[in-house]
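User: I am new to this structure and would like to understand its ligand site and its internal spaces. Please take me through them step by step.

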Amino acid sequence: MAKLAVYPGSFDPITLGHVDIIERAALLFDELEVLVVHNPDKAPRFTSAERVQLIKDSLSEAGIKGSNIKVTELSSGLLVDYLRQVDARALLKGFRNNVDLDYELPMAKVNRDLSGIETVFIAADPAYGLVASSLVRQVAELGGPVEKYVSKAVAKALRGSK
Ligand code: PNS
């Protein structure tokens with residue numbers, strides 16, 4: 001059976017750091033599903049449907065045609081329930097530094113306790129090491145250039161939704 005990994009996140013919006021993780025992870029698994037998840041702790045800038053579209057646009061802008069990559073959304077419920085539903089082999093997360101790991105490790109433990117599904121971590125390329133969606137949103141909101149951190153499609157959307 002094909003080995004599926006699910007890469008969940010808010011992706012609000014997707015950055016070039018996320019794009020890099022997706023490109024590298026797609027080489028490791030038979031199938032990779034990028035999953036836009038509603039995080040009740042965060043008030044999103046973009047709707048889930050907009051985030052899905054921006055991910056697709058960013059991947060195609062980067063020339064990532066991977067036929068083994070799909071982009072979907074999860075609007076409610078536990079992530080692990082969804083993972084079981086789609087028979088995922090692994091959860092995929094990117095991390096930039098120890099702050100990310102401190103945030104991710106408890107989730108990896110709880111998700112494994114609940115489902116037995118392992119979280120696989122990929123270290124962010126240092127070139128994108130300090131890029132965060134929240135910072136990108138803030139820079140854009142204050143009229144700064146964000147083209148170094150996100151695709152053209154995302155930069156345009158951020159300007160458009162000011
Ligand atoms: O990009 P984010 O906001 O850091 O992603 C966090 C996310 C959405 C992956 C996490 O909040 C999540 O998994 N939410 C789904 C609900 C769930 O299963 N929560 C228990 C996590 S242990």
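User: How many residues surround the ligand, and which are the closest?

Analyst: This is a predicted model, and the answer is taken from its atoms. A residue is counted as near the ligand if one of its heavy atoms lies within 4 Å of it. The shell obtained in this way holds 13 residues, and the closest are Ser10, Asn39, Lys42, Leu79 and Tyr103.

User: Which element gives the largest share of the shell around the ligand?

Analyst: By residue class, the shell divides into six nonpolar, five polar and two charged residues. By element, the largest share is four residues, and it comes from helix H4, residues 98-115.

User: What is the distance from an oxygen atom of the ligand to an N or O atom in the side chain of Ser10?

Analyst: A polar contact is a pair of N or O atoms within 3.5 Å. Lys42 has a polar side-chain atom 2.7 Å from a ligand oxygen, while Leu79 places a backbone N or O atom 2.8 Å from a ligand oxygen. For the side chain of Ser10, the distance to a ligand oxygen is 2.5 Å.

User: How much of the accessible area that the ligand has on its own does the protein cover?

Analyst: The contact with Ser10, at 2.5 Å, involves an oxygen atom of the ligand. On its own, the ligand has 550 Å² of accessible area, and the share covered by the protein is 80%.

User: Which residues lie nearest the centre of the largest pocket?

Analyst: The largest pocket is the space taken by the ligand, and it holds about 1100 Å³. Its lining consists of 43 residues. Nearest its centre lie Gly9, Ser10, Lys42, Tyr103 and Glu104.

User: Which element gives the largest share of the lining of the largest pocket?

Analyst: Elements that give two or more residues to this lining include strand S1 (4-9), helix H1 (16-25) and helix H5 (133-141). The lining divides into 21 nonpolar, 14 polar and eight charged residues. The largest share, seven residues, comes from H4.

User: Which residues line the largest cavity?

Analyst: The structure holds one cavity of 30 Å³ or more, and the volume of the largest cavity is about 40 Å³. Its lining divides into one nonpolar, three polar and three charged residues. The residues concerned are Ser10, Asp12, His38, Asn39, Lys42, Pro44 and Arg51.

Key. Residues are numbered from 1 along each chain as its sequence is written. This is a predicted model: local features need pLDDT of at least 70, side-chain atom pairs count only at pLDDT 80 or more; totals for chains, interfaces and linings use all residues. Side-chain values use heavy atoms; hydrogens and water are left out. A polar contact is a pair of N or O atoms within 3.5 Å; within protein, one must be able to donate a hydrogen and the other to accept it, and residues adjacent in sequence count only if both atoms are side-chain atoms. Accessible areas come from the Shrake-Rupley method with a 1.4 Å probe; for residues, only the protein chains shown count as cover. On a 1 Å grid over the protein atoms alone, a cavity is a set of points where a 1.4 Å probe fits but cannot get out, and a pocket is an open set with protein on both sides within 12 Å along at least five of seven lines; lining residues have an atom within 4 Å of a point. A molecule sits in a cavity or pocket if more than half of its atoms lie within 2 Å of its grid points. Ala, Val, Leu, Ile, Met, Phe, Trp, Tyr, Cys and Pro count as nonpolar, Asp, Glu, Lys and Arg as charged, and the others, Gly among them, as polar. Grid points are joined across faces, edges and corners, and a volume is the space filled by probe spheres set on the points.
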